[in-house]
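Q: Please zoom in on the contact surfaces here and talk me through them in one go. I'd like the cut-offs as you get to them.

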Amino acid sequence: MLRSQRRDPNRLLPAQSGARDIARALYERVATRPIISPHGHVPAQLLAANSSFGNPAKLFVTDDHYITRILHSAGVPLEVLGVGTSAEADPRTVWQELARHWYRFAGTASGYWLEEALDTVFGIQDELTVETADDIYDTLVEHLAHPDNRPLTLLDRFGIEFLATTDDPLDDLSHHRHLAKTHPSTRVAPTFRPDRYLNSTLTTFAVDVHRLLAATGQPATFAGYLHALQERREYFVAHGAVSTDHGVEEPYTVDLDAAEAEHIFASLLRGTSTDAQRRAFSGHMLLQMARMSVDDGLVMTIHAGVLRNHNTATTKRFGPDTGHDIPVPTTFTRGLRPLLERYGLEPGLHVVLFAVDETTYSRELAPLAGFYPSVYVGAPWWFLDAPDAIARFRSAVTETAGFYRTSGFIDDTRAFLSIPARHDTARRADAGFLARLVTEGRITLAAAERIADDLVSTIPKEVFKL
Amino acid sequence: MLRSQRRDPNRLLPAQSGARDIARALYERVATRPIISPHGHVPAQLLAANSSFGNPAKLFVTDDHYITRILHSAGVPLEVLGVGTSAEADPRTVWQELARHWYRFAGTASGYWLEEALDTVFGIQDELTVETADDIYDTLVEHLAHPDNRPLTLLDRFGIEFLATTDDPLDDLSHHRHLAKTHPSTRVAPTFRPDRYLNSTLTTFAVDVHRLLAATGQPATFAGYLHALQERREYFVAHGAVSTDHGVEEPYTVDLDAAEAEHIFASLLRGTSTDAQRRAFSGHMLLQMARMSVDDGLVMTIHAGVLRNHNTATTKRFGPDTGHDIPVPTTFTRGLRPLLERYGLEPGLHVVLFAVDETTYSRELAPLAGFYPSVYVGAPWWFLDAPDAIARFRSAVTETAGFYRTSGFIDDTRAFLSIPARHDTARRADAGFLARLVTEGRITLAAAERIADDLVSTIPKEVFKL
Amino acid sequence: MLRSQRRDPNRLLPAQSGARDIARALYERVATRPIISPHGHVPAQLLAANSSFGNPAKLFVTDDHYITRILHSAGVPLEVLGVGTSAEADPRTVWQELARHWYRFAGTASGYWLEEALDTVFGIQDELTVETADDIYDTLVEHLAHPDNRPLTLLDRFGIEFLATTDDPLDDLSHHRHLAKTHPSTRVAPTFRPDRYLNSTLTTFAVDVHRLLAATGQPATFAGYLHALQERREYFVAHGAVSTDHGVEEPYTVDLDAAEAEHIFASLLRGTSTDAQRRAFSGHMLLQMARMSVDDGLVMTIHAGVLRNHNTATTKRFGPDTGHDIPVPTTFTRGLRPLLERYGLEPGLHVVLFAVDETTYSRELAPLAGFYPSVYVGAPWWFLDAPDAIARFRSAVTETAGFYRTSGFIDDTRAFLSIPARHDTARRADAGFLARLVTEGRITLAAAERIADDLVSTIPKEVFKL
């Protein structure tokens with residue numbers, strides 16, 4: 001993994017000297033270990049094409065909704081930032097907007113990652129201000145044009161050993177095939193993300209299901225639909241997939257009998273379903289995914305508790321993923337019970353639960369993962385994969401479930417250049433937490449060393465069956 | 001702002017020396033800066049009258065329900081403390097009760113503020129015990145009688161530049177007019193608090209609405225009612241108001257069409273409304289308030305999630321605000337969506353969201369304020385404006401939304417003499433948080449200095465349009 | 001209380017030297033003070049029989065569902081651990097399983113307690129590994145066979161002054177009578193735990209109620225049922241009970257009139273009740289328990305918010321208390337209101353509220369206990385009685401309610417040998433919290449000393465009326 005030669009080498013570590021020295025030593029053990037990224041959103045196409053990245057504004061601002069949302073909250077219209085428009089915004093203007101509002105990012109994870117990326121990838125350490133913006137922009141243009149900074153070269157420089165993408169079940173995965181042949185040093189694995197074919201509350205559901213059935217030559221019956229999903233899962237497995245991914249507003253499951261499921265399925269396709277039926281069907285399909293995972297071995301990851309596209313006007317004009325997906329109160333204990341009653345003790349099943357509602361950490365996720373061999377507590381995700389939030393996560397989870405029932409870090413990002421920064425943040429935060437346990441006499445230094453090592457290799461490899 | 005010469009100058013700052021030195025320097029920058037108090041409950045009448053404060057027992061105990069609730073929980077009947085009774089309790093007895101139970105306040109915010117007030121305002125540093133109580137009481141009586149300790153003199157000594165009161169929409173605001181003329185060094189602004197005229201679940205609703213309509217000469221129609229509210233808002237704006245304040249048990253909004261609103265309004269006045277109608281009407285009026293704020297520019301503050309008057313017998317006997325308003329689980333994401341769908345992107349709208357359910361900080365408030373330019377995360381409020389709670393707030397909010405989407409501190413207090421102590425607490429807590437970010441290499445010292453400054457001036461001025 | 005001569009004497013205390021020294025001094029004041037254990041699950045029979053403990057595997061693994069659940073989550077079948085089977089598992093195999101997975105307990109409370117118990121009770125400090133497991137096992141066998149390590153001798157060595165058990169209302173309490181005569185140095189008090197006779201959602205409810213009525217000779221009417229409960233409470237009081245204990249999934253209460261209660265009671269016995277009736281009845285009986293507590297003085301403890309027996313298959317095969325009781329979101333404010341409206345101001349009533357949903361600490365429990373003289377905030381419980389969780393608890397509760405509205409530590413354990421370790425953990429954690437308040441200038445050292453003392457004696461004695 002890349003390292004800055006100039007930034008504070010103790011950044012993110014505990015300030016107190018005893019803990020800091022231990023944390024530093026633990027961090028040093030793992031700082032340059034290969035990156036395992038078992039869940040993220042880098043497009044396989046970006047890697048397969050291996051073109052130069054676009055201009056810095058598009059790369060670091062327009063395409064990163066972590067950044068654009070804060071600029072938007074500061075009053076900068078999304079169109080000025082080039083979001084979701086066919087006409088490209090003037091990149092220097094976009095970059096200047098970022099510079100003008102850069103002080104607002106102080107203390108944010110997004111701000112920290114961007115500084116880290118500029119520094120560790122391109123050696124840029126000047127503070128971004130209205131005055132320095134143009135020079136930094138020019139330097140970045142130069143770097144980005146250089147062949148050394150194309151995606152595949154960076155993949156190696158970043159030391160990324162495994163990278164999961166997130167893909168539509170009907171994707172032909174040709175980019176993954178291409179990468180497997182041309183760039184064997186990194187395993188780039190697809191992830192089966194069937195939300196649009198399972199979530200019957202979406203208005204597009206019937207159309208998407210028909211497309212799925214047509215592509216797989218299955219009849220428009222519930223059995224045909226299940227076969228279609230199964231077939232596409234097999235296709236993904238054959239292309240190296242290790243997991244499925246499920247983004248749900250509510251982690252709700254229900255075990256319907258076949259006749260009931262068939263009946264609702266027909267209503268859905270006819271457009272005569274009720275709210276209750278749609279909720280039940282989506283909940284039942286999450287349970288069906290667990291059943292299929294028992295069969296085909298794919299790890300099931302559930303990302304729960306986010307209301308997508310909070311502002312309709314913005315969605316209509318700029319599309320999804322434009323910064324207004326907002327978490328809601330989340331609970332797993334009752335909602336996942338039908339799934340866990342049915343499959344929770346199945347050998348080999350792995351279900352990784354990710355939450356954006358921190359209250360679930362100590363209340364539900366640690367207790368569930370501390371009993372069910374199939375359940376793992378997903379690492380802090382989305383708004384929570386930041387230093388303080390990681391510390392709160394470890395504090396909330398460890399006393400009940402230890403370290404070995406957690407998933408290892410996932411970066412969950414589209415922002416390829418921020419991957420090393422995000423993993424480095426997690427490694428530092430975990431080193432700091434472990435160091436505190438050592439200084440408080442709760443674990444030995446030897447145990448801390450083993451855990452630090454395992455968190456970046458053994459644990460994610462076990463959880464994601466690598 | 002007042003400063004103690006004798007108390008530990010590093011109080012509330014981090015204990016670890018590196019962080020403490022930075023925190024101390026950050027705190028010193030802002031320690032004596034003017035106080036901006038954009039939300040509180042000091043009566044304008046108290047300032048306009050500018051009489052001596054009453055006896056110490058009434059001032060520090062009877063009238064402060066933060067104090068009386070803890071004494072009550074210790075078994076002291078409220079009548080012994082003189083709460084809500086026409087017959088005044090013996091002040092020395094009240095003061096002795098406080099002294100007898102003073103050890104129970106150790107570690108509480110209320111206890112800390114009272115010690116701070118006695119020290120910084122009156123130089124009293126003796127510990128309050130049954131033995132010292134009488135002497136302290138006598139000293140206080142002497143101080144309070146002195147002209148230097150009248151409200152307006154203290155207003156200047158406290159360095160209060162801006163003070164918002166909270167007022168009934170039908171208040172004639174004569175005290176504010178008087179203060180504007182006679183005490184121009186502090187801007188004392190009214191705040192439009194229309195709860196009783198909007199919350200149709202209150203049994204007094206119809207009576208209050210009729211009073212509002214009569215006062216404004218409007219007909220008993222929904223349109224007349226809206227005009228009445230609008231007219232009173234204009235009156236407040238003309239008297240220097242900058243914000244409206246809304247205390248709601250549930251932050252729920254709904255966008256009714258005009259006919260439906262008119263229909264429910266009629267039912268409400270006839271007394272034939274249903275529970276569902278009352279909930280819808282109150283939710284719709286919150287949305288109407290946002291519409292009016294778009295027009296007249298008043299900042300909208302929403303204080304959500306408290307069940308008022310938990311104990312009916314106590315309310316009947318002693319009145320409201322007697323210490324048993326208890327928070328409930330709160331969520332904003334879905335409930336505020338109709339309001340934000342309709343007005344959330346309107347230029348100039350400011351909606352400040354205050355919560356007593358901490359779970360909303362990282363889950364909802366920071367994500368909402370990190371997208372909507374109209375939404376600000378309200379500072380820790382009520383039970384949460386204390387050192388540890390402020391640290392948790394900053395930790396929960398900053399990584400997602402930074403500092404510039406938060407409101408700046410509000411003291412929210414009736415206890416005039418505690419205002420400097422409360423702001424000082426926030427300044428120390430924020431300095432400590434910033435110092436930690438500096439020692440952890442997450443922000444530069446220069447950034448921390450700018451933020452420390454902005455938190456006490458630029459930010460509240462921007463949020464509250466001062 | 002027992003103390004290790006070899007483990008880090010500063011374990012669990014703050015690492016920062018200033019705070020650590022103060023914490024150490026505070027801890028030293030109370031380290032060897034007698035243990036008051038006002039709520040736990042050690043069987044009176046175990047003490048009365050005073051036999052040698054069984055083999056180490058049964059004692060430390062099979063019988064401790066804190067330990068077996070983590071082994072189960074690691075893939076070890078419960079039958080291999082001897083859980084819930086008549087056929088005993090091979091103890092050496094069980095012990096080896098523990099050793100093989102011991103690294104997974106790093107950072108957990110269970111792991112910490114087990115190490116503490118092995119060390120402080122038996123002087124065993126070797127790390128548990130596959131290699132050392134047999135030797136440690138042999139050493140333990142030897143120790144456990146020694147008369148000095150029988151339950152009653154340990155009760156004295158542990159310095160347990162008061163120990164509450166948890167008992168069925170129909171228990172004849174003969175073991176308690178026996179212990180009162182034969183072992184007067186410890187007061188072993190029964191606790192009245194009537195869940196099965198109150199919770200009408202249980203399928204066994206009618207059968208259990210008939211058993212209760214038969215045992216007390218009461219008629220099958222609601223009045224008879226109330227008399228039966230009252231009579232058994234009196235029996236418990238006569239045998240030294242100080243409290244009742246109520247484990248509820250939802251802290252819900254409702255004040256039914258007598259006719260309605262009688263009507264539902266009849267439906268329940270006839271088996272014709274509805275879901276709504278069962279919920280109402282259970283809620284009403286919690287309120288009735290408060291009424292009886294006003295009369296007979298028993299402290300009422302409510303342990304709320306756990307869904308028991310999450311996995312039905314495991315329950316059927318291995319019984320309850322096998323590691324899959326999982327918390328759910330909990331709220332007290334509205335649910336307890338009917339009880340507190342009716343009895344919350346009654347002199348002498350003590351209601352101690354325990355939660356596993358940490359969000360209730362600052363949001364509800366501290367505000368409730370900061371007003372109602374009858375309400376105490378229960379100490380961190382179940383998954384939360386661990387160092388970090390205790391620190392979060394104190395941070396969340398203290399600023400609103402101080403220390404004197406909390407219950408003092410309860411160990412809530414079946415694992416007799418872990419009692420000193422658990423109390424020691426709480427004493428260290430509280431000392432650390434107090435030390436932080438001192439170093440931050442928030443309380444004086446003298447106040448911290450008084451509080452440290454009171455937390456282990458005055459406070460639990462007051463709350464539990466000892």
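A: Let's start with how the copies are arranged: turn chain B by 120 degrees, with 0.0 Å of shift along the axis, and it lands on chain A with an RMSD of 0.0 Å. Superposing here means a least-squares fit on the C-alpha atoms of residues with pLDDT of at least 70 in both copies. Keep in mind that this is a predicted model, where local features need pLDDT of at least 70 and side-chain atom pairs count only at pLDDT 80 or more, while totals for chains, interfaces and linings use all residues. As for labels, residues are numbered from 1 along each chain as its sequence is written, while chains are lettered from A and ligands numbered from 1 in the order in which they are written.

Chain B also goes onto chain C, again with a turn of 120 degrees, a shift of 0.0 Å along the axis and an RMSD of 0.0 Å. The two copies are thus related as by a three-fold rotation axis. They use different surfaces, though, as 5% of the contact residues of chain B recur in chain C. With chain A, only 5% of the interface residues of chain B are interface residues there too, so those copies meet through different surfaces as well.

Now the part you're after, the side of chain B that touches chain C. Here 41 residues of chain B are in contact with 41 of chain C (C-beta atoms, placed from the backbone, within 7 Å). Elements giving two or more residues to the chain B side are helix 4 (65–73), helix 6 (109–122), helix 15 (312–318), strand 8 (326–327) and helix 18 (387–401) of chain B. Helices (H or I, at least four residues) and strands (E, at least two) are DSSP runs, numbered from the N terminus. Helix 4 of chain B has the largest share, 4 residues. By type, this side splits into 20 nonpolar, 13 polar and 8 charged residues; Ala, Val, Leu, Ile, Met, Phe, Trp, Tyr, Cys and Pro count as nonpolar, Asp, Glu, Lys and Arg as charged, and the others, Gly among them, as polar.

There's a contact surface inside chain A too, between domain 1 (52–149) and domain 2 (164–463), with bounds from an automatic or database domain assignment. In chain A, 15 residues of domain 1 are in contact with 16 of domain 2. Helix 6 of chain A gives the most to the domain 1 side, 6 residues.

Technical notes
Contact = placed C-beta atoms within 7 Å.
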